Amino acid sequence: MGITAVILGIVGALCAAMGVVTATELIVLVMPQFTWAFWFSLSGLFLLGAIAFAVGRTYYE
C-alpha cells in the first residue's frame, strides 16, 4: 500500500499544480469546464487518499 500512497500523492500534487496553472491562466485551457476549484478539490481527494493508504499500512510492509 505504500506504493499506492506515493502514486496518489504524486497525482494529487499534479492536480494542485494544474489548479495553479488554471487559476493564473498561464496556458490556454483545453477544457474550460475544469476550473481551478475542480482541480484543487480533486487534488484534496487524492491527497486524502494518499494519507489513508499511508496510515493503513501494516507493520510488515
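## Exercises on a two-helix chain

Phe34 has a relative accessible area of 26%, which makes this residue partly exposed. Keep that residue in mind as you work; the model is a predicted one.

**Exercise 1. Place the aromatic residues around Phe34.**
Which residue forms an edge-to-face pair with Phe34, and how are the two rings arranged?

*Solution.* Start with what has to be compared: a pair of aromatic rings is described by the distance of the centres and the angle of the planes. The count of aromatic pairs comes to 4. In one of them, the ring centres of Phe34 and Trp39 lie 5.8 Å apart with the planes at 75 degrees, so this pair is edge-to-face. The cut-off needed here is over 60 degrees for edge-to-face.

Next, look at Phe38 and Trp39. Their rings also make an edge-to-face pair, with 5.3 Å from centre to centre and 70 degrees between the planes. Put together, Phe34, Phe38 and Trp39 form one aromatic cluster.

Now add accessibility. Trp39 has a relative accessibility of 16% and therefore counts as buried, the limit being under 20%. Phe38, at 34%, counts as partly exposed.

**Exercise 2. Describe how the helices pack.**
What is the angle between H1 and H2, and how far apart are their axes?

*Solution.* First find the elements: the chain has 2 helices and 0 strands. Helix H1 covers residues 2-24 and helix H2 covers residues 36-55; they pack at about 165 degrees, with axes 8 Å apart. Because of that angle, H1 is roughly antiparallel to H2, given that the class takes angles over 145 degrees. The crossing of H1 past H2 is left-handed. Finally, sort the residues of this contact by type: 18 are nonpolar, 7 are polar and none are charged.

**Exercise 3. Follow Leu14.**
Is Leu14 buried or exposed?

*Solution.* Begin with its location, which is helix H1. Leu14 has a relative accessible area of 57% and is exposed, since exposed means over 50%. Then compare sequence with space: Leu14 and Ser43 are 29 residues apart in sequence, while their C-alpha atoms are 7.7 Å apart.

**Exercise 4. Judge the overall form.**
Why is the chain described as more spread out than a compact globule?

*Solution.* With 2 helices and 0 strands in the chain, turn to the radius of gyration. Its value is 14 Å, well over the 10 Å that the globule rule gives for 61 residues, so the chain is more spread out than a compact globule. Along the principal axes, the C-alpha atoms fill a box of roughly 45 × 15 × 15 Å. To finish, 18% of the 61 residues count as buried.

Conventions. Residues are numbered from 1 along each chain as its sequence is written. This is a predicted model: local features need pLDDT of at least 70, side-chain atom pairs count only at pLDDT 80 or more; totals for chains, interfaces and linings use all residues. Side-chain values use heavy atoms; hydrogens and water are left out. Axes are lines fitted to C-alpha atoms, for helices over the stretch in contact, and angles run from 0 to 180 degrees between N-to-C directions. Helices (H or I, at least four residues) and strands (E, at least two) are DSSP runs, numbered from the N terminus. Angles under 35 degrees count as roughly parallel, over 145 as roughly antiparallel, 65 to 115 as roughly perpendicular and the rest as oblique. A crossing is left-handed if the near helix is turned anticlockwise from the far one by less than a right angle, and right-handed if clockwise. Ala, Val, Leu, Ile, Met, Phe, Trp, Tyr, Cys and Pro count as nonpolar, Asp, Glu, Lys and Arg as charged, and the others, Gly among them, as polar. Rings of Phe, Tyr and Trp (its six-membered ring) pair if their centres lie within 6.5 Å; planes under 30 degrees apart count as stacked, over 60 as edge-to-face and the rest as tilted. Buried means under 20% relative accessible area, exposed over 50%, partly exposed in between (1.4 Å probe, protein chains only). The radius of gyration is taken over C-alpha atoms; the globule rule is 2.2 Å times the number of residues to the power 0.38.
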